[in-house]
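Q: Please take a close look at the aromatic residues of this model and their surroundings, and describe how they are placed.

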Amino acid sequence: MGDNRHSFVHHALGGGSVADVLLWRRWCASVTLLVSSTALWILFERAGYNVLSFIANVMLLLVVILFFWAKSASLLNRPLPPIPDLEVHEESVVKAADTMRVWINHVLMIAHDIAIGGNLKLFVKVSIVLWLISYVGSFFNLLTFIYMGILFSLSVPLLYDKYQDQIDDKLILAQKVIQTQYRKIDDNVLRKISRFSNKEKKTQ
């Protein structure tokens, strides 16, 4: 039962190397991600270092090192820098484009249902989600938001993987409460608004 639960969480995260990192099965990679993201956040957010300047300086340092390495290798008959052929495969581009196409079509479908279909429930849900994102974004900038996302990604899946039964019980209770409150709002507000809008269409 435990193995099935762990395999379910691992499969839900994609079942690949990314899932291994998020579940701390590749301990070195998980620690590297945590330490590097924390160092970058401190460097840019607390130390006030500029992102563009940092990238330019790193690239400049790499170019200088590789240039002098190649020149010294040709003079001293040493091997050239072990740089692999940098190439983006067509399959990777097509796969990324297909994934983006699915998400874009989903967003366009939601926009169509709200603007053309007049879906009031969907409009309320989208408005609440966008308002929550705007409210949270007012407290953090984009860099801090990304850093918090990394911290959540490295902690929430691991905790859920260990305490899935207890968390599922709490989530079921929370879902029942949310569904009850949503039914009350649906019965008292949304249906009245939809009936009112339908009456206006009929009168027109």
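**Aromatic residues and their surroundings**

A: In this predicted model, Trp131 is exposed, with a relative accessible area of 53%, whereas Tyr135, at 44% relative accessibility, counts as partly exposed, because exposed residues have to be over 50%. Both Trp131 and Tyr135 belong to helix H6, which spans residues 120–137, and they are set 4 residues apart, about one turn of the helix.

A search of the whole structure for aromatic pairs returns 5 of them. One of these joins Phe67 and Phe68 in an edge-to-face arrangement, with 5.5 Å centre to centre and 80 degrees between the planes. Another is formed by Trp131 with Tyr135, and this pair is stacked, at 5.4 Å centre to centre and with 20 degrees between the planes. The stacked label follows because planes under 30 degrees apart count as stacked, while those over 60 count as edge-to-face. Trp131 and Tyr135 are also joined with Phe139 in one aromatic cluster.

As for the edge-to-face pair, Phe67 is partly exposed, with a relative accessible area of 45%, while Phe68 counts as exposed at 53% relative accessibility. For the surroundings of this pair, the UniProt record, an unreviewed entry, can be consulted: its annotation "transmembrane region" covers residues 24–44, 51–70 and 128–160. Over residues 51–70 the chain of the model is 100% helix and 0% strand, and the C-alpha atoms at the two ends are 29 Å apart.

A nonpolar surface patch of about 790 Å² is made by a set of residues including Val51, Ile55, Leu62, Leu66 and Trp69. Among its members, Leu66 has its place in helix H4, which runs over residues 51–76, and Leu66 is partly exposed, with a relative accessible area of 32%. That value allows Leu66 to take part in the patch, because patches are made of residues with over 30% relative accessible area.

A further aromatic residue to consider is Trp24, which is found in the loop between helix H2 (17–22) and helix H3 (27–46). Its backbone deserves a separate remark, since phi of Trp24 is near 60 degrees, a positive value in a residue other than glycine. The side of accessibility is given by a relative accessible area of 25%, so Trp24 is partly exposed. Over residues 24–44, a stretch that the UniProt entry annotates as "transmembrane region", the chain is 86% helix and 0% strand, with the end C-alpha atoms 26 Å apart.

Methods
Residues are numbered from 1 along each chain as its sequence is written. This is a predicted model: local features need pLDDT of at least 70, side-chain atom pairs count only at pLDDT 80 or more; totals for chains, interfaces and linings use all residues. Side-chain values use heavy atoms; hydrogens and water are left out. Patches are made of residues with over 30% relative accessible area and no salt bridge: like charges are joined within 9 Å, nonpolar side chains (Val, Leu, Ile, Met, Phe, Trp, Tyr) within 5 Å. Accessible areas come from the Shrake-Rupley method with a 1.4 Å probe; for residues, only the protein chains shown count as cover. A salt bridge is a side-chain nitrogen of Lys or Arg within 4 Å of a carboxyl oxygen of Asp or Glu. Buried means under 20% relative accessible area, exposed over 50%, partly exposed in between (1.4 Å probe, protein chains only). UniProt positions are given in the numbering used here, feature names are shortened, and annotations may be inferred rather than shown by experiment. Rings of Phe, Tyr and Trp (its six-membered ring) pair if their centres lie within 6.5 Å; planes under 30 degrees apart count as stacked, over 60 as edge-to-face and the rest as tilted.
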